[in-house]
Amino acid sequence: MSLESRPAAADDDADGSGGRSDAASPVGAAADGAETVGRHAADAAPIVAGDLTKRYDDTLVFDGLDLRVAPGEVCCLLGPSGCGKTTLLHLLAGLEEPTDGRVEIDGEAVTGPDYRWGVVFQDPLLYPWLSVRENVEIGPRLRGETPDADHVDELLELVGLDGVADADTSDLSGGMAQRASLARTLANDPDVLLLDEPFSALDQLTKMELQDELLRIVDELGVTAVFVTHDIDEAVYLGDRVAIMGPVPAGIEHVERIDSETRSRDDEAFLAERAATFERLEAVGLE
Amino acid sequence: MATRDKRRYGSELLGETDRLLPAVGLLVGLAVWWTVTALGSGIITNFAPAATFAVLAELVVSPEFYDHVFVSLYRFAVALGLCLAVGLPVGVVVGYFAAAERATTVLFQFMRMISPLAWFPIAIIVFGVGTRSAVFVMFMAGLWPIVLNTAHGIGTIDDDWITVGESLGGDTRALLRRVVVPAVIPDMLTGIRLSIGILWIILVPAEMLGVNTGLGYLILDARDRFSYAEIPAIMLVIGFIGFWLDLSVRRLHARWNWG
């Protein structure tokens, strides 16, 4: 379990930006999508949501919402229960249809679920009739492909489950099950990773451990990620940017840019960023 | 108050003696049987354990007896096969389409409550005396648990499992094969287990009514031949086979039950 500061991504300075602007992006958008981010990866896919509106019968969840996630960026959607952050993630994942507006991933319109935009759910939702390994293999199998055994081995090692590959899913702890769930999504080689409060049911230590591992994995694979959470610490620790959502139908009220070079759980500069985010949350009326 | 693990009465006896307890139960049953026949007088003494086991020893080395056993098992297997062939697809359709469930629930619950033996006169008139009538009556009894449990299983699949499968890139066919069917197998096995129990129980009266072979027939035949001790002996065989059938499907169920 590592509590110390996480090293900045190696290519951070290669893009010449020399750290990024401290100024928060305008509400709901980093309009300059070409802006590079800490974990910039050349082959990662951008996510662009434009003018998104979602309405359930009488309830307007949000209206004309814009969101851009740069390639290789980790964007956290932060907000209280019922603010529509999970709905927004479902729209990005094609699990629900927007009432209006559109979502594009890597320039392609999202019209339904697809293995290229992988989702990690709040519950691990492993298939209990399959072993851990078979669960990780299920993505390729569902697509009619034979899973690559070496790739599956690598993934199991990546999430630290290589020792329990043949175990039943019922023998896994909550943290291990969520690791398996992450590996299962990664086995499809998704372009983007959409995570819906994946660690919210875990105890604090396991949660911190998995946060570190997720950052390591995202760095290693260079995927773009959207991470939904209601936990300020989690959002500030994981995100390159934190999009703060207000009560429905406010949508994204503010986007806080996080300096991931000082990413740490106890660094002073980082705690200041956490405090700033907290103030923003209060400002949009969440507390 | 007992601690949680001691709360079941006598649980402290379990453990090493655990494996002996079923045998104790059997011995108590045997003792009750012996007592009833020993204390009674008249015709009931014919059914005493000693006489029964003597006849049983003769039966199990008699080839003709096995002919009856096999024909009973054959009828059982045919009826079970029909129940599976009809019950599983019907259950899947009823479970999958809400309209089909609405349309059939009342009908099925109604049909289920009609004693399968009530079908017997109709079966005899339509199919004539013979195996077909017996199988039809068994089929009418064993069908419902398979249909109802399969439908229930399909209807209660965790929706999120389907969502996960879709987001991992599965199309409808792949989802059906790799998610829906495996997810429903425990419910199917529950239905099959209930069905097997019912089929084996209904087999005996079915064979008493319309055929002149099989274990059910043999019981009536023993009575007509006044070889009374043969009756409990055949009953023991019926019980033994039924127990074994249930045990095997229970094992299968345990392997597929992820709780």
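Visitor: Which residue of E9(A) is the bridge partner of A:Leu78?

Guide: Happy to start there, keeping in mind that this is a predicted model. Strand E3 (residues 74-78) and strand E9 (residues 241-246) of chain A run parallel and are joined by 4 bridges. For A:Leu78, the partner in E9(A) is A:Ile244.

Visitor: Which helix packs on the sheet by touching E9 and E10 of chain A?

Guide: A second helix helps to set the scene: H4 (residues 174-186) of chain A touches E6 and strand E7 (192-196), with its direction at about 170° to that of E6(A). The helix you ask about makes about 165° with the direction of E10(A). Touching E9 and E10 of chain A is helix H7 (residues 268-283).

Visitor: Which strands stand at the edges of the sheet in chain A?

Guide: The sheet is open, with 6 strands in the order E6-E7-E8-E3-E9-E10 and mixed pairing. An edge strand here has a single partner, so one of its sides is left without a neighbour in the sheet. The edge strands of chain A are E6 (117-120) and E10 (251-257).

Visitor: How many helices are there in chain B?

Guide: Good one to turn to next! Chain B has 0 strands, and from the N terminus on its elements run α-α-α-α-α-α-α-α-α-α. The number of helices in chain B is 10.

Visitor: What radius of gyration does chain B have?

Guide: The C-alpha trace of chain B spans about 70 × 60 × 35 Å along its principal axes. A compact globule of 259 residues would have a radius of gyration near 18 Å. For chain B, the value is 23 Å.

Terms used: Residues are numbered from 1 along each chain as its sequence is written. Chains are lettered from A and ligands numbered from 1 in the order in which they are written. This is a predicted model: local features need pLDDT of at least 70, side-chain atom pairs count only at pLDDT 80 or more; totals for chains, interfaces and linings use all residues. Two strands pair if DSSP finds at least two bridges between them. Helices (H or I, at least four residues) and strands (E, at least two) are DSSP runs, numbered from the N terminus. Two residues are in contact if their C-beta atoms, placed from the backbone, lie within 7 Å. Axes are lines fitted to C-alpha atoms, for helices over the stretch in contact, and angles run from 0 to 180 degrees between N-to-C directions. The radius of gyration is taken over C-alpha atoms; the globule rule is 2.2 Å times the number of residues to the power 0.38.
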